[in-house]
Amino acid sequence: MKCSKICSGNLRHKVELQKYTLAPDGMGGQIETWTTYATVWGQIKPISGIEGMMGMQLQAEVSHDILLRYRDDVDASHRVKYGDRLFNIRAVIDVEERKRWLDLRCEEGVAQ
């Protein structure tokens with residue numbers, strides 16, 4: 001994907017960037033949770049889908065590209081939330097290494 005072919009008008013999905021955190025549970029322990037650290041506009045594009053059997057259950061895997069304006073605080077341990085949908089980030093690509101756009105390669109589903 002080239003920067004010159006990216007149109008900011010295509011950023012029509014308001015998405016939340018989330019990171020995994022530990023929060024106090026009120027009894028001296030901690031609870032695992034996902035915390036939203038930014039809400040941004042992005043473009044979500046499905047790129048492939050795979051279905052297969054695992055453990056006698058049908059498993060579906062859908063891969064997406066999510067395009068955002070460049071940020072330096074996104075990494076592959078984070079996830080993207082769009083409405084009720086969750087996308088696990090598998091790779092963060094700085095398009096053309098110009099610090100203008102980020103291409104997030106994601107899998108939709110529950111965090112693994």
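**Figure 1. Y20 and its aromatic partner, W34.** In this predicted model, Y20 is partly exposed, since its relative accessible area is 42%. W34 is also partly exposed, at 24% relative accessible area. The structure has one aromatic pair, and here it is: the ring centres of Y20 and W34 lie 5.7 Å apart with the planes at 70 degrees, so we call the pair edge-to-face. Angles over 60 degrees earn that label. Y20 belongs to strand β1 and W34 to strand β2, so the two rings tie together parts of the chain that are 14 residues apart in sequence. As general background, a pair of aromatic rings is described by how far apart the centres are and by the angle of the planes.

**Figure 2. A lysine parked over a tyrosine ring.** Look at K19 here: its charged end sits over the ring of Y37. The distance to the centre of the Y37 ring is 5.6 Å.

**Figure 3. H78, a buried histidine in a loop.** H78 is part of the loop that runs between β3 and β4. Is H78 buried or exposed? With a relative accessibility of 9%, H78 counts as buried, because the cut-off for that is under 20%. So who are the neighbours of H78, once residues within four places in sequence are set aside? They are Q18, K19, W34, Y37, D73, N88 and I89. Several names from the earlier views come back here: W34 from the aromatic pair, and K19 and Y37 from the charge-over-ring arrangement.

**Figure 4. The whole chain, for orientation.** Stepping back for a moment, the protein has six strands and zero helices. Read from the N terminus, the order of elements is simply β-β-β-β-β-β. Of the 112 residues, 29% are buried. Among contacts with a separation of 6 or more, 49% are between residues 24 or more positions apart. The accessible surface adds up to about 7400 Å², and carbon and sulfur atoms hold 49% of it.

**Figure 5. The largest nonpolar core.** Fourteen residues is a mouthful, so this view picks out L17, I66, L68, V80 and L104, which have the most contacts inside the 14-residue core. At least two core residues come from each of β1 (13-24), β2 (30-54), β3 (57-69), β5 (85-94) and β6 (101-108). There is another core, too: apart from the main one sits a set of five residues, including I6, L11, V95 and W101. In soluble globular proteins, nonpolar side chains tend to be buried together.

**Figure 6. V80 and its surroundings.** Which residues does V80 touch, not counting those up to four places away in sequence? The list is V15, E16, L17, I66, R85, L86, F87, I89 and L104. Three of the names in that list, L17, I66 and L104, are also among the core residues with the most contacts, as is V80 itself. Across the sheet, V80 stands opposite F87 in β5.

**Figure 7. β4 between β1 and β5.** Strand β4 covers residues 79-82 and runs antiparallel to β1, with three bridges joining the two. One pairing to look for is Q18 with R79, its bridge partner in β4. Towards β5, β4 makes four bridges, again antiparallel. Y82 has R85 as its bridge partner in β5. The hairpin of β4 and β5 leaves two residues between the strands, and G83 takes a positive phi near 60 degrees there.

**Figure 8. The β5-β6 hairpin.** Seven bridges hold the pairing of β5 and β6, which is antiparallel. Partway along, N88 stands opposite E107 in β6. This hairpin has six residues between its strands, and in the turn E96 shows a positive phi of about 55 degrees.

**Figure 9. V40, tucked in along β2.** V40 is a residue of strand β2. V40 is buried, because its relative accessible area is 15% and the limit is under 20%. Leaving out residues up to four places away in sequence, V40 touches H13, K14, V15, L17, L68 and R71. How far apart are the C-alpha atoms of V40 and H13? They are separated by 8.3 Å, although the two residues are 27 apart along the chain.

Methods. Residues numbered from 1 in each chain as written. Predicted model: local features only at pLDDT ≥ 70, side-chain atom pairs only at ≥ 80, totals over all residues. Heavy atoms only, no water. Core = buried A, V, L, I, M, F, W, Y, C linked by side-chain atoms within 4.5 Å. Buried < 20%, exposed > 50% of the residue type's maximum accessible area, 1.4 Å probe, protein only. Contact = heavy atoms within 4.5 Å. Pairing = 2+ DSSP bridges. Areas by Shrake-Rupley, 256 points an atom, 1.4 Å probe, with all protein chains shown as cover. Phe/Tyr/Trp six-rings, centres within 6.5 Å; stacked < 30°, edge-to-face > 60°. Lys NZ or Arg CZ within 6 Å of the ring centre and 35° of its normal.
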